[in-house]
Amino acid sequence: MLPAHDSPFGVEMVNLLGAFILLVAFAMLASRRTLSLIRLFAFQGFFLSMSIFLVAFLSGESNLYYSAFFTLVLKVILLPWILRDLSQRLKIGGDIETLVNVPVTMIIGIGVVVFSFSLAEPILKAASTVTRSLIGVGLACVLLSFLVMITRKKAMTQIIGFLSMENGLLFSATNATYGMPMVVELAIALDVLIGAIIFGIFFFQIRETFESLDLKYFEKLKEDEE
Amino acid sequence: MTQTSTVPHQWIADLLFKGLGELFQTASVIFFAPIFLGWVNLCRSCLQSRRPAGILQPYRDLLKLLRKEVVLATGASPLFRITPYIVFGSMGLAAALVPAVTTDLPFGPAADAIALVGIFSLARIFMALSAMDIGTPFGDMGARREMMIAFLAEPATMMVLFTASLISRSTSLSTIAETLGGRHFTLYPSLVFATTSFFLIILAENSRLPIDNPSTHLELTMIHEAMLLEYSGRHLALMEWGSSIKLLLYFSILISFFLPWGISHESSFGGLLSGFAFLVLKLFILGTLLAILESTLAKLRLFRAPEFLAAAYLLAVIAFLSHFILEV
């Protein structure tokens, strides 16, 4: 354990980074292209790793430095690279079809943020970390990533939504309790990495079977009830 | 007893000086506005490898238009003729309210941020009505589009103003500028979002590039220009001048809310001069930024405009919410 630093500027910086993470979550909700979605995911990972690093500095928890480092390597470099490679091989860099149009999605997103901020209100009182006010932001990120998954049709974008949900979880954990135990965090990181690779194989299988990555064709798998 | 006899003199002299400060600020905004527009145009031409027309070109245009005679369309009602004066008048009034050079404005308490939005709407409504008055399809179309953009931009503007008001606990523009300028440096996430949102609003409200191309004369895509099609002579000069003042005022609001360092807090001679110098410096930078932005962006399809403004509204709402969550 390293000495804790008590600097209001540092806390403000963490707040600002939290706000940026939320902003990126909204940008993901609004983006229309797979490649820009991947780039936004990398940005979110970068802001997340910076904020974990700052929290580590402020709280003196040396574990969090490792966590920040893993986030940087995994979510800013490795996963975006895998995803970009996949989308190039599957030739799906172009437009994403959304189920609900973008302005409506964003209005729903505002509702989600209000809901999660009010939900986090009682939790704030129980937490004792310097950055506890960001729990609401983390929760909002998780729910917005859900929204990304719900409003998109293609498997690829749903996976990106899923990965960004993990970002939100990690962010909440860092700010509520200064992170999960190292073993758990490492396991999750490995899970996500393996997950991304397995999803890649899945994508090829799905496309081979249905000739599209649109998940509505999964309906065909149901047996007729008549 | 000598003190009581000097107090009224002092008071009158003070008021006179404040009045002069107010006059200086209003006049500098009104007369500086075309130069600002000229600077933005100059930067744009340089960036697009065209030979610039010179920073004073808007003045030359205005002088030429002021000398020309007015040609009125048949069937133009009195509304069409008084609109340029109303537009220019409301912009002049707004110039007296926005703390661009100094925050020590005697007119300041007369209208707060919400009333200012009302003044801008007044000018816009008259502009739209006069465009519909003649009955040409282009004017009508431009007016409808302008109103659509305006009604989408207004809620975002209000949210941005409310965010600044929440931090400074006042809706008076001078108080906001003073509080935000007087504090020691703190990073407010809400102000970062509000600034971004307000920049998008500036682009939309002043018919700048992603929404409307200010230099286009292609009838099908233009919004602001379409409304002015039937105007000529001094009427057109006043309308053009009014819109350049509006652009400068929006940037002044941006400066006084989000970059308020350097705005004078008293009506002394040196204070006014340094306030003006700071204003010119900031406008110089922001104007260059606007030109770069406009040269790199393509015009959005009209049906994408709601998306652009929804993003501005979203940023404003996040700013508003993050004030409660992150800063209290």
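The exercises below work through a predicted model, one topic at a time.

Local features need pLDDT of at least 70 and side-chain atom pairs count only at pLDDT 80 or more, while totals for chains, interfaces and linings use all residues. Residues are numbered from 1 along each chain as its sequence is written, chains are lettered from A in the order in which they are written, and side-chain values use heavy atoms, with hydrogens and water left out.

**Exercise 1.** Determine which elements make up chain A and how its radius of gyration compares with that of a compact globule.

Step 1: Helices (H or I, at least four residues) and strands (E, at least two) are DSSP runs, numbered from the N terminus, and chain A has seven helices and zero strands.

Step 2: The radius of gyration is taken over C-alpha atoms, and the globule rule is 2.2 Å times the number of residues to the power 0.38. For 226 residues the rule gives a value near 17 Å, and the 18 Å of chain A agrees with it.

Step 3: Along the principal axes, the C-alpha atoms of chain A fill a box of roughly 65 × 35 × 35 Å.

**Exercise 2.** Decide whether Pro8(A) is buried or exposed, and find how far Pro8(A) lies from Leu58(A).

Step 1: Buried means under 20% relative accessible area, exposed over 50%, and partly exposed in between (1.4 Å probe, protein chains only).

Step 2: Pro8(A), which lies in helix H1 (residues 8-30) of chain A, has a relative accessible area of 62% and is therefore exposed.

Step 3: Although Pro8(A) and Leu58(A) are 50 residues apart in sequence, their C-alpha atoms are 9.8 Å apart in space.

**Exercise 3.** Classify the aromatic pairs that Trp241(B) makes with Phe31(B) and Phe88(B).

Step 1: Rings of Phe, Tyr and Trp (its six-membered ring) pair if their centres lie within 6.5 Å; planes under 30 degrees apart count as stacked, over 60 as edge-to-face and the rest as tilted. The count by this rule is 15 aromatic pairs over all chains.

Step 2: The ring centres of Phe31(B) and Trp241(B) are 5.8 Å apart and the planes stand at 65°, so this pair is edge-to-face. The pair links helix H1 (residues 2-47) of chain B, which holds Phe31(B), with helix H9 (residues 233-258) of chain B, which holds Trp241(B), across 210 residues.

Step 3: Trp241(B) is buried because its relative accessible area is 14%, whereas Phe31(B), at 46%, is partly exposed.

Step 4: Phe88(B) and Trp241(B) form a tilted pair, with 5.2 Å centre to centre and 55° between the planes. Phe88(B) lies in helix H3 (residues 78-97) of chain B and Trp241(B) in helix H9, so this pair ties together parts that are 153 residues apart in sequence.
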